[in-house]
Amino acid sequence: MFGTYLRRELVGRRKQTIIIAIGMALAIALVIIVNSVAAGVKTAQASVLESVYGVGTDITVSQAAEAPTDGGGPGQNFDFGSGDGSTSDGTTTVNQSRLEAARGTSTFDATALGTITDVANVEAAAATLSLTNTTFTGELPDFSQAQGSDGTAGVPGGDATGATPPQGGPDGAGGSSFGVDSFTVLGLDPSGDAVGPLSAVTLSDGRSLAADDAGTDVAVLDASYATEAGIATGDTIDIAGTTFGVVGTVTASGADATTASNVYIPLDVAQTLAGLDGQVSDVYVQAASSTDITQVQTDIEAALPDATVSTQEDLASTVSGSLASASTLVSNLGTWLSLIVLAAAFLIAILFTISGVTRRTREFGTLKAIGWSDRRIVGQVAGESVVQSLIGGAVGVAVGLLGILVVNLVAPTLSAAATTSAGGGFGGPGGAAGMPSDAAAGAAGGFGGAPGAAAATTTDIVLQAPVTAWIIVIAVGIAILGGLLAGAIGGWRASRLRPAEALRSVA
């Protein structure tokens, strides 16, 4: 009886059924698409962070950089004595290389790693030292050949009388040439690859760092940087005046992504060359489970009160570019638009149900007159409303899945940059001199560099909207909820009708 009456009413009131179903379908389709795109954006953000901080890194521990003291302004100075460099054919060549902590970072005692490891529910932890290697090279004329008539060296700005212009130099006419090359160096424990920057890379050529590389002058290069610099596995690279053998190259796991540094070397070697024995700049922490992250963060903050402890959610705020814009758009406009359309669909269902009950006054009054209970009438109206909403829900799921398919076929590419502290450097706009602009992300523009500069590890991410079972379950749940809400209100309205009203309607 219930099914027969339900089918007759849905077919007989086809227009109402179609309108309610369409409204519910649009709302549910929008909810599915927004949730799926939001999940895709979140996955993309995690991919960008993994390329910088490593796969499995739940927490990073660092220390805020101290403000420069008075008189300690920006810039780096390279001082050369009168006897420095080598002279050949009237040209003096000078060269000086320096490895120091990246500008904008602060180092702290490496014993913090042990303190963090002792925290409950810490699965793994690894320490790193972020450095910048800056090499200054110059060619200038041999000023010792430029003598005045009184025997005084005729250097520029001097008072020599009848000074002979300097000869030689790179142009052979007394000119000079200077260049600065800067690249980022990351010192890490070669035996720890479970967490940290190297956990997010793929070996491209050669081999990665191994436990027995500790204390040796070997390096692994980012493949993109190696290509730009013309360095291959088996070649050498100069770091702080020390020659390192290149044993391998790595690429980031994400598409078109750069890794966390240009060069990777053993931590103890990096500390020695930089004069930072027993110092680290970052500790990467992996919690035993996702539910332990908050507890681990709290305990680390208590154990290291001067440290900055950041979770993945905190680090997500450092992601910029069109990916960040998409995240903001989905979080704000997408969510509110879904809620508004959903509320409108519910309201349409409620209004049409109440309107239908009003038009069926004689029908419900007659049913009550022949013995239908209030509960049965409410159940009949609610059943009709739920079926209408489920029809809309089925259509909405189909439209939503179609929308997700379109997004994945279009595969929009979003650019993203995870900002990390990096070193100052030299060079004009577009990067450090002698280094590609992509690889020079850690170098500040301008001769002398700038303190507190930030490096942005830039990557292009293809957005993919995943389809998960819980999204479909939520969509069906929303349809049932909307139907029950509209049916409950409409049924309550129908149950209040009296048989007398039906008789007056007949009259």
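Is T128 buried or exposed, and what is its relative accessible area? T128 is buried, with a relative accessible area of 2%. The model is predicted. Its protein chain contains twelve helices and 17 strands, and buried residues account for 44% of the 507 residues. Of the contacts with a separation of 6 or more, 82% join residues 24 or more positions apart.

**Surroundings of T128**

- T128 belongs to strand 5, which covers residues 122–141.
- Beyond its neighbours within four places in sequence, T128 is in contact with L186, G187, L188 and P197.
- The contacts of T128 also include L267, V280, S281, D282 and Y284.
- The relative accessible area of T128 is under the 20% cut-off, so T128 counts as buried.

**Nonpolar cores**

- In soluble globular proteins, nonpolar side chains tend to be buried together.
- The largest nonpolar core in this model has 38 residues.
- The members of this core that touch the most other members are V61, L221, I237, I239, V263, V285 and I300.
- Leaving out residues up to four places away in sequence, I237 touches F183, A219, L221, Y225 and I231.
- I237 also touches T242, T243, F244, V246 and V263.
- A second core, separate from the largest, has 19 residues, among them I404, I471, I478 and A479.

**Aromatic pair**

- One aromatic pair turns up in a search of the whole structure.
- The pair consists of F183 and Y225, with ring centres 5.8 Å apart and planes at 45°, so the pair is tilted.
- F183 is in strand 6 (residues 177–188) and Y225 is in helix 4 (residues 223–229), so the pair ties together parts that are 42 residues apart in sequence.
- Both partners are buried: F183 has a relative accessible area of 3%, and Y225 has 6% relative accessibility.
- Both F183 and Y225 are also among the residues that I237 touches.

**Helix 10 and helix 11**

- Helix 10 spans residues 374–410 and helix 11 spans residues 469–495.
- The axes of helix 10 and helix 11 come within 7 Å and cross at roughly 150°.
- The crossing angle is over 145 degrees, so helix 10 and helix 11 count as roughly antiparallel to each other.
- The crossing of helix 10 with helix 11 is right-handed.

**Helix 9 and the residue after it**

- Helix 9 covers residues 361–369, and its buried residues are T361, E363, F364, G365, L367 and K368.
- G371, just after helix 9, takes a positive phi of about 115°.

**Positive phi outside glycine**

- N121 has a phi near 70°, a positive value in a residue other than glycine.
- N121 sits in the loop between helix 3 (112–117) and strand 5.
- At 34% relative accessibility, N121 is partly exposed.
- Not counting residues up to four places away in sequence, N121 touches Q286, A287, A288, D292, Q295 and V296.
- The C-alpha atoms of N121 and T291 are separated by 9.9 Å, although these residues are 170 residues apart along the chain.
- A240 is not a glycine, yet has a positive phi of about 55°.
- The loop between strand 9 (236–239) and strand 10 (242–252) holds A240.
- A240 has 22% relative accessibility and counts as partly exposed.

**Partly exposed acidic residues in strands**

- D205 is located in strand 7 (residues 201–206).
- With 39% relative accessibility, D205 is partly exposed.
- D205 touches T233, V247, G248 and T249, not counting residues up to four places away in sequence.
- D205 and A223 are 18 residues apart along the chain, and their C-alpha atoms are separated by 8.5 Å.
- E100 is located in strand 3 (residues 91–101).
- With a relative accessible area of 23%, E100 is partly exposed.
- E100 and L276 are 176 residues apart along the chain, and their C-alpha atoms are separated by 8.5 Å.

Methods:
Residues are numbered from 1 along each chain as its sequence is written. This is a predicted model: local features need pLDDT of at least 70, side-chain atom pairs count only at pLDDT 80 or more; totals for chains, interfaces and linings use all residues. Side-chain values use heavy atoms; hydrogens and water are left out. A nonpolar core is a set of buried Ala, Val, Leu, Ile, Met, Phe, Trp, Tyr and Cys residues joined through side-chain atoms within 4.5 Å. Buried means under 20% relative accessible area, exposed over 50%, partly exposed in between (1.4 Å probe, protein chains only). Contact means heavy atoms within 4.5 Å. Rings of Phe, Tyr and Trp (its six-membered ring) pair if their centres lie within 6.5 Å; planes under 30 degrees apart count as stacked, over 60 as edge-to-face and the rest as tilted. Helices (H or I, at least four residues) and strands (E, at least two) are DSSP runs, numbered from the N terminus. Axes are lines fitted to C-alpha atoms, for helices over the stretch in contact, and angles run from 0 to 180 degrees between N-to-C directions. Angles under 35 degrees count as roughly parallel, over 145 as roughly antiparallel, 65 to 115 as roughly perpendicular and the rest as oblique. A crossing is left-handed if the near helix is turned anticlockwise from the far one by less than a right angle, and right-handed if clockwise.
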